[in-house]
Amino acid sequence: MPYRSLPASAAVALALSLSIPAFAAPLNIEKEQVKLGFIKLTDMAPLAIAAEKGFFEDEGLSVTLEPQANWKVLLDRVISGELDGAHMLAGQPLGATIGFGTQANVVTAFSMDLNGNGITLSNEVWKKMKPNVPVGADGKPAHPIKADALKPVIAEYRAAGKPFTMGMVFPVSTHNYELRYWLAAGGINPGYYAPSDVSGQIQADALLSVTPPPQMPATLEAGTIFGYSVGEPWNQQAVAKGIGVPVVTDTEIWKNNPEKVFGVTEGWAAKNPNTHLAIVKALIRAAQWLDENGNANRAEAVRILAKSEYVGADAAVIANSMTGTFEYEKGDKRSVPDFNVFFRYNATYPFYSDAVWYLTQMRRWGQIAEAKPDSWYDETARKVYKPETYLKAAKLLVEEGKVKEADFPWTSDGYKPVDNGFIDGIAYDGRKPNDYLAKQPIGLKGAQKVEGGQLVGG
């Protein structure tokens with residue numbers, strides 16, 4: 001993926017700051033015994049691979065990987081110090097830092113993957129929605145399927161007195177923002193948050209609520225929700241069980257979007273800088289292994305992830321997405337080679353512009369209650385995302401001959417070029433977040449805020 005370069009003088013300064021002797025001595029790590037948390041999703045793969053392939057061990061680390069019950073528990077345990085770090089939703093370090101839900105300084109120096117999510121609807125909803133979906137020359141639904149086709153179905157349910165409920169995994173999750181983006185692009189209001197009402201359902205056409213990922217299929221089958229946004233393998237599980245139809249993937253909503261990150265508290269990173277570097281080094285190697293040689297290692301990765309101590313789902317279900325395909329309707333399996341990306345396209349680099357996008361969505365839906373200047377978005381991104389730590393780790397690996405120098409964006413200023421990969425065609429420039437918000441037909445913009453259940457201000 002292209003990136004914007006620093007001015008020559010800044011690039012030279014960065015190169016000098018990263019310079020280390022060839023054949024550098026092993027890092028003098030502060031903490032050898034490390035406990036890292038994760039949620040049972042396929043995008044925890046870099047952690048599992050770093051453990052199984054000995055990449056942590058190569059760095060002198062003894063790492064225990066521990067599955068967590070849900071995202072709140074995971075974040076709380078990182079903040080309390082019960083976990084040294086964790087596989088996190090990209091929005092979690094940002095949300096904690098700005099004080100949404102929890103106040104804590106959490107940082108990330110490693111982006112774990114791109115893409116990997118989908119939106120699934122119940123069979124009943126899909127049956128009602130399908131006639132509104134255009135078809136291709138092969139007679140199958142034309143992708144990407146837009147939420148425009150769902151809008152009349154929601155109207156039908158509401159007219160019958162049935163609230164249209166959907167599940168997402170956490171208020172600051174990619175899944176929440178992607179589901180909201182998809183719905184809003186189809187003219188469906190997914191609701192607002194306010195300081196006095198954190199349900200996220202103010203003025204909502206579709207009511208979104210938290211459901212833990214592994215419980216999504218069962219909750220859908222029970223009829224408690226009519227659809228959900230989640231990572232794998234839980235969309236493909238709905239297909240396997242015959243209870244739902246994934247209608248869109250997140251790579252169709254936002255092409256090559258950042259998904260999870262590896263997060264630690266700012267205090268932990270300051271106390272254990274070399275241990276942090278060592279973990280990032282191991283994760284970079286794991287991500288490279290997952291994508292190298294045209295995904296040649298994915299079959300082995302599937303077998304590893306299927307183990308009960310990691311994802312614990314059926315290998316065939318995990319393979320449906322991890323090996324470059326994705327099944328929508330039963331039998332409608334299509335090639336989606338970038339459904340899971342772990343290393344290519346600079347996937348592991350923590351771009352400030354990615355952080356800014358998440359902050360725009362927090363503002364759009366009222367999690368950030370008041371308007372902020374563009375400078376605030378940049379400053380907040382820099383508090384949380386630490387590309388300088390990432391590049392130090394990458395530089396060490398280059399010196400050790402374990403990665404290629406050409407695979408890293410050494411001179412990036414942290415901002416990607418203008419991104420035109422969104423389902424609604426609205427361009428995103430991370431340097432101009434307020435301009436981006438102003439273009440959205442649904443959502444807070446300018447000085448607007450939510451008071452008493454109403455949008456006020458201009």
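Helices α8 and α16 cross in a left-handed sense. In this predicted model, α8 covers residues 174–185 and α16 covers residues 352–364, and the two pack at an angle of about 65° with their axes 11 Å apart. From α8 the contact takes T174, Y177, Y181 and A184, and from α16 it takes W357, Y358, Q361, M362 and R364. By class, these contact residues comprise 6 nonpolar, 2 polar and 1 charged.

Two packed helices are described by the angle between their axes and the distance between the axes. The next pair can be read in those terms. Helix α14 (residues 298–305) packs on helix α15 (residues 315–322) at about 140°, and the axes lie 9 Å apart. That angle makes α14 oblique to α15. The crossing of α14 with α15 is right-handed. On the α14 side the residues involved are R298, A301, V302 and L305, and they meet A315, I318, A319 and M322 of α15. The contact has 7 nonpolar residues, no polar ones and 1 charged.

A third pair joins parts of the chain given by residues 91–98 for helix α5 and residues 374–384 for helix α17; the axes come within 10 Å and cross at roughly 115°. Angles of 65 to 115 degrees count as roughly perpendicular, and α5 and α17 are therefore roughly perpendicular to each other. Their crossing is right-handed. Here P93, L94, T97 and I98 of α5 meet W376, T380 and V384 of α17. The residues of this contact divide into 5 nonpolar and 2 polar, with no charged residue.

Helix α5 also leads to the open space in the model. α5 is one of four elements, with α4 (71–80), β9 (197–202) and β10 (207–210), that each supply at least two residues to the lining of the largest pocket. The volume of this pocket is about 290 Å³. Its lining has 18 residues, and F100, G101, F170, P171 and V172 are those nearest the centre. The lining divides into 11 nonpolar, 6 polar and 1 charged.

Enclosed space is a separate matter. Rolling a probe the size of a water molecule over the atoms shows where empty space is left. Across the whole structure, 3 cavities of 30 Å³ or more are found. The largest cavity holds about 50 Å³ of space. Around the largest cavity are W254, S353, D354, K416, P417, D419, Y428, D429 and G430. This lining consists of 3 nonpolar, 2 polar and 4 charged residues. S353 and D354 of the cavity lining fall within the residue range of α16, 352–364.

The backbone has some features to check in the loops. Most residues other than glycine have a negative phi, and most peptide bonds are trans. Q203 is not a glycine, yet its phi is positive, at about 60°. Q203 sits in the loop between β9 and β10, and both of these strands contribute to the lining of the largest pocket. The peptide bond from H143 to P144 is cis, with omega near 5°. P144 belongs to the loop between α6 (123–129) and α7 (151–159). Another cis peptide bond links E232 to P233, with omega about 15°. P233 is placed in the loop between β11 (227–231) and α10 (234–241).

Notes:
Residues are numbered from 1 along each chain as its sequence is written. This is a predicted model: local features need pLDDT of at least 70, side-chain atom pairs count only at pLDDT 80 or more; totals for chains, interfaces and linings use all residues. Side-chain values use heavy atoms; hydrogens and water are left out. Axes are lines fitted to C-alpha atoms, for helices over the stretch in contact, and angles run from 0 to 180 degrees between N-to-C directions. Angles under 35 degrees count as roughly parallel, over 145 as roughly antiparallel, 65 to 115 as roughly perpendicular and the rest as oblique. A crossing is left-handed if the near helix is turned anticlockwise from the far one by less than a right angle, and right-handed if clockwise. Contact means heavy atoms within 4.5 Å. Ala, Val, Leu, Ile, Met, Phe, Trp, Tyr, Cys and Pro count as nonpolar, Asp, Glu, Lys and Arg as charged, and the others, Gly among them, as polar. On a 1 Å grid over the protein atoms alone, a cavity is a set of points where a 1.4 Å probe fits but cannot get out, and a pocket is an open set with protein on both sides within 12 Å along at least five of seven lines; lining residues have an atom within 4 Å of a point. Grid points are joined across faces, edges and corners, and a volume is the space filled by probe spheres set on the points.
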